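Subject: Structure handover

Dear colleague,

Here is the structure I said I would pass on. Please open it before you read further, as the notes go through it part by part.

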Amino acid sequence: MAIDKTDTLIIGGGQAGIAISEHLSRHDVPHIVLERHRIAERWRSQRWDSLVCNGPAWHDRFPGLEFAGLDPDAFAPKERVADYLAAYAQKINAPIRTGVEVLKVSRHPDRSGFIVETSAGAFQAERVVAATGPFQQPVIPAIAPKDDALLQIHSAHYRAPEQLPEGAVLVVGAGSSGVQIADELQRAGKRVYLSVGAHNRPPRAYRQRDFCWWLGVLGEWTASAPKPDAAHVTIAVSGARGGHTVDFRALAHEGLTLLGSAQAFERGMARFAPDLADNLARGDANYLALLAAADAYIQRNRLDLPEEPAARHIPPDPECVTRPILELDLAAAGVASIVWATGYAADYSWLQVPAFNEQGQPQHQRGVSSEPGVYFLGLPWLSHRGSSFLWGVWHDARFIADHIATQRQYAAYRDAGQRAQP
Ligand SMILES: Cc1cc2nc3c(=O)[nH]c(=O)nc-3n(C[C@H](O)[C@H](O)[C@H](O)COP(=O)(O)OP(=O)(O)OC[C@H]3O[C@@H](n4cnc5c(N)ncnc54)[C@H](O)[C@@H]3O)c2cc1C
């Protein structure tokens with residue numbers, strides 16, 4: 001059977017796969033992108049219906065194309081993001097083959113490079129780039145109750161309030177997904193309980209600049225590693241309803257019940273850690289620290305941006321914070337469903353090369369794997385805070401494409417004896 005050959009094979013046709021295709025084309029590196037579904041599939045079918053970007057359109061994009069017909073300060077709806085990426089792929093003429101699933105990548109037994117087995121036959125490539133996403137497999141923690149009476153879904157499978165049964169809902173996880181879904185459910189008239197763990201919550205905007213701008217000028221986006229105490233802290237932001245600062249206390253004053261971190265579910269009872277006030281306080285500290293850094297930046301650079309003292313107002317603690325609920329009888333509270341906004345894990349079972357550490361995580365430096373010829377792109381903190389985001393992945397892709405181009409130069413080197421041969 002004929003084998004398709006190329007220099008670099010990219011697995012995944014999301015923003016990461018498209019970005020690296022652009023940079024490889026600039027280097028004239030022959031390559032193919034394989035995508036098992038459609039271009040930018042996850043933006044189409046693995047996000048809830050009302051999702052808009054967390055960053056404004058001027059920020060959450062590639063450098064070479066703006067969102068046509070969208071106010072730069074608006075937040076692109078998820079379908080617009082998918083359409084944007086499809087248009088971008090067309091604009092750069094990316095060699096993407098959709099509907100092709102990569103089943104196995106292994107070293108070629110007889111020569112350099114890799115054999116790539118797919119649903120559409122085998123490929124041979126000198127290099128492979130794993131661009132299968134920062135958020136691959138939805139994770140529901142093992143504490144989830146084994147209770148058939150409750151509907152339990154992961155945020156990746158949540159679409160809209162109508163999907164949930166009548167009754168109250170418990171949302172676990174207060175990163176951007178959890179808090180946005182909880183807010184939407186409350187606005188749809190549902191009784192909502194929200195389990196809040198450690199989080200950062202930057203202001204949506206401060207002194208007429210969006211937080212994306214602030215993170216940029218303050219060097220936070222390009223920070224090369226999470227601060228030691230912030231390694232697993234999720235960020236709670238929202239572009240919904242034109243964009244607003246996530247304020248857990250304000251949600252509670254509107255009727256939502258805040259809870260601490262979910263700890264266990266037993267015989268119909270849910271138990272929560274007594275950490276709610278502490279989690280909110282640390283979120284406040286992160287929020288106020290950004291305001292202080294922004295003020296200092298404005299002063300140092302003599303910027304003419306109006307002061308905003310009201311941004312420092314933090315609403316009083318609602319009762320669910322001062323008298324936290326540590327145990328909730330789910331049936332008595334009328335909870336009929338749980339939405340787990342508890343994050344994702346990676347699945348590289350198809351990548352059968354020794355490129356992983358003992359915990360199964362990719363071993364790499366800025367995406368260049370310890371296994372020659374293997375690259376990772378789009379992972380959280382691949383090289384900096386922005387690595388898993390739309391704007392940031394483009395820059396990591398450029399670095400990896402440069403690396404590939406340089407390696408091709410080494411491979412093409414011939415010594416004097418070889419050059420003398422006809
Ligand atoms: C709810 C949510 C909201 C987000 N909002 C924003 C935002 O506002 N702004 C922002 O910048 N970022 C946002 N992100 C983060 C990030 O931009 C997205 O996760 C984005 O989808 C990552 O793009 P990617 O190309 O790296 O991976 P993905 O979009 O996950 O693309 C990987 C592709 O690989 C394909 N694939 C996987 N396995 C195989 C295989 N074996 N063979 C072939 N193809 C395969 C998949 O079908 C998929 O299309 C958000 C993430 C989530 C979960």
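The notes below start with the chain as a whole and then turn to the ligand, two groups of strands and one tryptophan.

This is a predicted model, in which local features need pLDDT of at least 70, side-chain atom pairs count only at pLDDT 80 or more, and totals for chains, interfaces and linings use all residues. Residues are numbered from 1 along each chain as its sequence is written.

The whole chain

The protein chain has ten helices and 23 strands. Both are DSSP runs numbered from the N terminus: helices are H or I with at least four residues, strands are E with at least two. Along its principal axes, the C-alpha trace spans about 85 × 60 × 40 Å. The radius of gyration of the protein chain is 24 Å, which agrees with the value near 22 Å for a compact globule of 422 residues. That radius is taken over C-alpha atoms, and the globule rule is 2.2 Å times the number of residues to the power 0.38.

Of the 422 residues, 41% are buried. Buried means that 20 or more other C-beta atoms lie within 10 Å of the residue's own, exposed means 12 or fewer, and partly exposed is in between, with C-beta atoms placed from the backbone. Among contacts between residues at least 6 apart in sequence, 68% join residues at least 24 apart. A contact requires C-beta atoms, placed from the backbone, to lie within 7 Å.

The ligand

The ligand is surrounded by 33 residues, and the closest are G12, G14, G133, G378 and F389. A residue is near the ligand if its C-beta atom, placed from the backbone, lies within 6 Å of it. At least two residues of this shell come from each of α1 (15-26), β2 (31-35), α2 (41-45) and α9 (390-412). By class the shell has 13 nonpolar, 13 polar and seven charged residues. Ala, Val, Leu, Ile, Met, Phe, Trp, Tyr, Cys and Pro count as nonpolar, Asp, Glu, Lys and Arg as charged, and the others, Gly among them, as polar.

Strands β4 to β6

Strand β4 (residues 102-107) pairs with β5 in the antiparallel sense over five bridges; pairing needs at least two bridges found by DSSP. V102 stands opposite T118 in β5. The two strands form a hairpin with six residues between them, and G113 in the turn has a positive phi of about 90°.

Side chains alternate along β5 (residues 114-118): F114, V116 and T118 point to one face and are buried, while I115 and E117 point to the other and are not. On to strand β6 (residues 121-130), β5 is joined by five bridges, again antiparallel. A125 in β6 is the bridge partner of F114. This hairpin, β5 with β6, has two residues between its strands.

Strands β16 to β18

These three strands form an open sheet in the order β16-β17-β18, with antiparallel pairing. β16 (262-266) and β18 (327-329) each have a single partner strand, so one side of each is left without a neighbour in the sheet. Strand β17 (residues 269-272) pairs with β18 over three bridges, and M269 stands opposite D329 in β18.

W221

W221 lies in the loop between α5 (211-217) and β14 (234-235). W221 is partly exposed, with 19 other C-beta atoms within 10 Å. Leaving aside neighbours within four places in sequence, W221 is in contact with L215, G216, H384, R385, G386 and G392. The C-alpha atoms of W221 and A412 are separated by 37 Å.

Regards

Note on methods: Two residues are in contact if their C-beta atoms, placed from the backbone, lie within 7 Å.
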